[in-house]
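Visitor: Hi, I'm new to reading protein structures and would like some help with this one. Could we go through it together, a piece at a time?

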Amino acid sequence: MNDRTSPYGFSVVICVYTEDRWEDILAAVDSVRKQSLPALETLLVVDHNERLLTRLTEEYAEPRPTEEVRVLANAGPRGLSAGRNTGIAAARGEFVAFLDDDAVAERDWLHHFATAYDDPRVMAVGGRTLPAWASGHRPAWFPEEFDWVVGCTYRGLPPGRVRVRNVLGGNASFRRTAFDAAGGFATGIGRDGDRRPLGGEETELCIRLSKAVPEAVLLIDDRAVIHHKVPPVRERFAYFRTRVYAEGLSKALVARSVGAQKGLESERRYTTRVLPAGVLRGMRDALRGRSGGAGRAGAIVTGVTVAAGGYALGTLRARRHGTTFSWGPIERAGDGTAGATDTTGTALTRALVGDAEARPADAVASEGGAR
């Protein structure tokens with residue numbers, strides 16, 4: 001993009017679900033309003049919370065001449081995937097960006113996304129997510145290699161603007177046509193408020209997109225920065241264990257859908273190169289008397305073990321009982337629909353039952369993107 005001031009057609013989707021994050025939601029919207037490259041619109045998608053829906057509708061009832069905030073109800077089943085699909089369906093922009101409801105974007109966030117789309121092959125661009133610890137500092141035992149546990153960019157991702165297998169959904173953008181080609185986010189995986197700390201829906205979508213558009217390029221540009229809040233409960237080791245276990249379950253679902261070769265391609269590098277280096281670094285710090293070194297090494301070993309257990313159990317459950325998640329086309333709201341197509345039981349539904357063979361996807365893949 002050559003002209004920073006020209007409208008580039010970004011619709012920013014922020015999915016919300018609880019009034020407990022009221023101030024965070026307002027801060028997220030405010031950070032979009034302050035972008036050096038103005039957004040076309042901000043879409044607040046409320047996940048089955050009538051009180052929050054009413055309150056946000058009242059808060060943003062007065063339109064602004066340069067930027068619009070629209071408040072929408074999730075048109076699909078409860079959960080982050082359906083909320084994002086609702087936002088995609090309603091989006092008017094050529095590009096759709098996603099921002100977490102407890103994060104704030106730096107001023108040039110959208111500008112850095114936009115510059116990458118000068119290449120017509122680029123179908124998705126992600127950014128760098130930095131943790132904002134509630135305590136004011138990183139817990140001494142918490143390894144940077146596991147920052148994905150708190151929704152942030154982790155040690156091991158390559159720096160700069162680089163090609164990746166998948167972007168991370170809380171700080172990402174897509175061409176609107178990517179969803180026309182590949183469909184929306186799959187339901188049956190991904191987060192459901194605070195009740196199910198699963199993930200993997202971005203990985204599954206990006207691999208499916210690369211299969212649908214073999215020439216597609218997916219990038220991460222670490223200049224597109226957001227700051228993601230980490231509440232006190234997520235600074236605790238108990239949450240760490242729960243989250244890595246859930247990630248193992250999620251990876252089992254994704255690998256069963258797209259095939260282990262692509263579903264675990266980046267994870268192999270992460271577990272064989274990045275994590276061993278982290279353990280050695282932690283032990284070296286411990287020997288030098290530096291705070292937290294042994295704890296970080298132990299946390300990495302624990303994280304690998306617990307995630308592997310979740311993956312094994314998820315794989316076993318899928319083989320014995322069958323696992324179903326599904327996606328469907330995203331119907332544009334302007335085409336006469338109220339929102340995203342319900343992705344259960346309709347066209348393009350994926351059902352993984354019993355011992356059915358997983359069908360591998362021909363993804364454009366590279367290093368990075370373990371989440």
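Visitor: Let's start with the whole chain: how much of it is buried?

Guide: Of the 371 residues in the chain, 57% are buried, where buried means under 20% relative accessible area, exposed means over 50% and partly exposed lies in between, with a 1.4 Å probe and protein chains only. Please keep in mind that this is a predicted model, in which local features need pLDDT of at least 70 and side-chain atom pairs count only at pLDDT 80 or more, while totals for chains, interfaces and linings use all residues. Residues are numbered from 1 along each chain as its sequence is written, and side-chain values use heavy atoms, with hydrogens and water left out.

Visitor: And how many helices and strands are there?

Guide: The chain has 10 helices and 11 strands, taken as DSSP runs (H or I of at least four residues for helices, E of at least two for strands) and numbered from the N terminus.

Visitor: OK, pick a strand. Is S9 mostly covered or mostly uncovered?

Guide: Strand S9, residues 217-230, is mostly covered, since 11 of its 14 residues are buried.

Visitor: Which way does S6 run relative to it, and how many bridges join them?

Guide: Strand S6, residues 122-133, runs parallel to S9, and 10 bridges join the two; strands count as paired if DSSP finds at least two bridges between them. Within this pairing, arginine 128 has valine 225 in S9 as its bridge partner.

Visitor: What about S5 and S7?

Guide: Strand S5, residues 103-105, pairs with S9 in the antiparallel sense over three bridges, and valine 104 stands opposite histidine 227 there. Strand S7, residues 161-163, is also antiparallel to S9 over three bridges, with arginine 163 and leucine 219 as bridge partners.

Visitor: Switching topic: which residues touch the most other members of the largest nonpolar core?

Guide: They are Leu44, Leu56, Leu99 and Trp109, in a core of 37 residues. A nonpolar core is a set of buried Ala, Val, Leu, Ile, Met, Phe, Trp, Tyr and Cys residues joined through side-chain atoms within 4.5 Å. Helix H1, residues 22-33, gives this core its largest share, six residues.

Visitor: Is there another one?

Guide: There is a second, separate core of 28 residues, including Ile88, Met123, Ala182 and Phe185. In soluble globular proteins, nonpolar side chains tend to be buried together.

Visitor: Back to Leu99, what does leucine 99 touch?

Guide: Leaving out residues up to four places away in sequence, leucine 99 touches residues that include Val12, Ala28, Trp109, Gly170 and Ile226, where contact means heavy atoms within 4.5 Å.

Visitor: Now a charged one: is glutamate 41 buried or exposed?

Guide: Glutamate 41 lies in strand S2 and counts as buried because its relative accessibility is 1%. The side chain of glutamate 41 makes a polar contact of 2.8 Å with the side chain of arginine 70, and one of its polar atoms lies 2.7 Å from the backbone nitrogen of arginine 92. A polar contact is a pair of N or O atoms within 3.5 Å; within protein, one must be able to donate a hydrogen and the other to accept it, and residues adjacent in sequence count only if both atoms are side-chain atoms.

Visitor: Which residues are linked with Glu41 in a network of salt bridges?

Guide: Glu41 is linked in that network with Glu68, Arg70 and Arg92, a salt bridge being a side-chain nitrogen of Lys or Arg within 4 Å of a carboxyl oxygen of Asp or Glu. By this rule there are 25 salt bridges. In the one between glutamate 68 and arginine 92, the closest N and O atoms are 2.9 Å apart, and the pair links distant parts of the chain, 24 residues apart, with glutamate 68 in strand S3 and arginine 92 in the loop between helix H3 and strand S4.

Visitor: How exposed is each of those two?

Guide: Glutamate 68 is partly exposed, at 28% relative accessible area, whereas arginine 92 counts as exposed, at 52%.

Visitor: Last one: why are glutamate 247 and lysine 251 about one helical turn apart?

Guide: Glutamate 247 and lysine 251 are separated by about one turn because they are four residues apart in helix H7, residues 237-258. Their side chains meet in a salt bridge of 3.7 Å, N to O. Glutamate 247 counts as buried at 4% relative accessibility, and lysine 251 counts as buried at 6%.
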